[in-house]
Amino acid sequence: MSALAAALICLAGGMTGGLVGVGGGILFVPALTVFIGLSQVEGESTSLLMIVFVAIVGAYRQSGYGNVRLREALIIGALSPLGVLVGVTVANHVSERALQLAFAALALFMAVQLVRRARAS
Amino acid sequence: MPAAESPDHALLKLAAVGTLAGIFSGLFGVGGGTVIVPLLILWFGYGERLATGTSLAAIVIIGLFGALAQGGFYGNVHVATALLLSVPAAVGVVLGTAIQQRIPQRAVSYLFALLLVAIAVELILS
């Protein structure tokens, strides 16, 4: 039963990914930790591999619809490891709580901006 | 899309998006898409569908770096489990992208805003 639940949550994760352009890890990680029984680190790592497959399929479909700028995507992807290094360094020097609150504030700010832009369009 | 933008400037902005996506990925274990999609829409003026499609393509590379690092250096990736659960996930992403072509673009922005609020609430409560 728990395998079925995990499969259904991953289906929903993939669907979310396709709808809004994210990897779906937000649902894959709980599916892997709660229903498959992986640890948090194993769940996040395994989720990353799933995200690769999902993003390949999603990007391929979106490219068929004419919705991918490949050059821009390659530049963003290629420079992300630099950011990961910065992120890990920052995480080791700033309290986790401060980081959580900072990112929450940024997420809320972006949410407001997206809604304002959508309403104006 | 800002018309009078030099290629160098655009490149710098893309580099900033990539670095930011990596920072948040490294800090919170979230895929970079949470940051890439809003920045492509708000900062580059992409339409929602173009932003989400380009984000997925970038995530392929970001996820690959992350999975290789976690799997290669730390052995934390359960490959068989990932492969099995990727099947329903891949079906989901095909459905999700197909649905996205049939709804108004602004609905994608509203959905994304909802996702961002959910993430913010989770971060505040955790």
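In the predicted model, the secondary structure of chain B consists of five helices and zero strands, and the elements of chain B follow the pattern α-α-α-α-α when read along the sequence. The C-alpha trace of chain B extends over about 50 × 35 × 30 Å along its principal axes. Of the 126 residues in chain B, 52% are buried. When contacts in chain B are restricted to residues at least 6 apart in sequence, 47% of them join residues at least 24 apart.

Two alanines of chain B illustrate contrasting surroundings. A51(B) is located in helix α3 of chain B, which covers residues 48-74. Because 28 other C-beta atoms lie within 10 Å of A51(B), this residue is buried, the cut-off being 20 or more. Setting aside residues up to four places away in sequence, A51(B) touches V37(B), L40(B), I41(B) and Y46(B), and also G21(A). A further relation within chain B links A51(B) to G33(B): these residues are 18 apart along the chain, and their C-alpha atoms are separated by 9.6 Å. A98(B), in turn, belongs to helix α4 of chain B. This residue has 14 C-beta neighbours inside 10 Å and therefore counts as partly exposed, a class that falls between the limits of 12 or fewer for exposed and 20 or more for buried. From A98(B) to Q70(B) the C-alpha to C-alpha distance is 32 Å, with their positions 28 residues apart in sequence.

For chain A, the assignment gives two domains, domain 1 comprising residues 1-68 and domain 2 comprising residues 80-121. The C-alpha centres of domain 1 and domain 2 of chain A are 21 Å apart. Helix α3(A) contains 25 residues, and the distance from its first C-alpha to its last is 35 Å, close to the 36 Å expected at 1.5 Å a residue. This helix is mostly covered, with 19 of its 25 residues buried. Just after α3(A), G66(A) adopts a positive phi of about 80 degrees.

The contact between the chains draws on 81 residues from chain A and 83 residues from chain B. On the side of chain A that touches chain B, at least two residues are supplied by each of α1 (2-20), α2 (25-35), α3 (40-64), α4 (70-91) and α5 (96-120) of chain A. The greatest contribution to this side of chain A comes from α3(A), with 20 residues. Sorted by class, the side of chain A that touches chain B comprises 53 nonpolar, 22 polar and six charged residues.

One helix pair across the contact can be described in greater detail. In general, the packing of two helices is described by the angle between their axes and the distance between the axes. The axes of α1(A) and α4(B), the latter spanning residues 79-100, come within 6 Å and cross at roughly 35 degrees. The crossing in which α1(A) passes α4(B) is right-handed. By class, the contact of α1(A) with α4(B) contains 16 nonpolar and nine polar residues, and no charged residues. A98(B), described above as partly exposed, is located in this same helix α4 of chain B.

Key
Residues are numbered from 1 along each chain as its sequence is written. Chains are lettered from A and ligands numbered from 1 in the order in which they are written. This is a predicted model: local features need pLDDT of at least 70, side-chain atom pairs count only at pLDDT 80 or more; totals for chains, interfaces and linings use all residues. Two residues are in contact if their C-beta atoms, placed from the backbone, lie within 7 Å. Helices (H or I, at least four residues) and strands (E, at least two) are DSSP runs, numbered from the N terminus. Ala, Val, Leu, Ile, Met, Phe, Trp, Tyr, Cys and Pro count as nonpolar, Asp, Glu, Lys and Arg as charged, and the others, Gly among them, as polar. Domain bounds come from an automatic or database domain assignment. Axes are lines fitted to C-alpha atoms, for helices over the stretch in contact, and angles run from 0 to 180 degrees between N-to-C directions. A crossing is left-handed if the near helix is turned anticlockwise from the far one by less than a right angle, and right-handed if clockwise. The expected span of a helix is 1.5 Å times one less than its number of residues.
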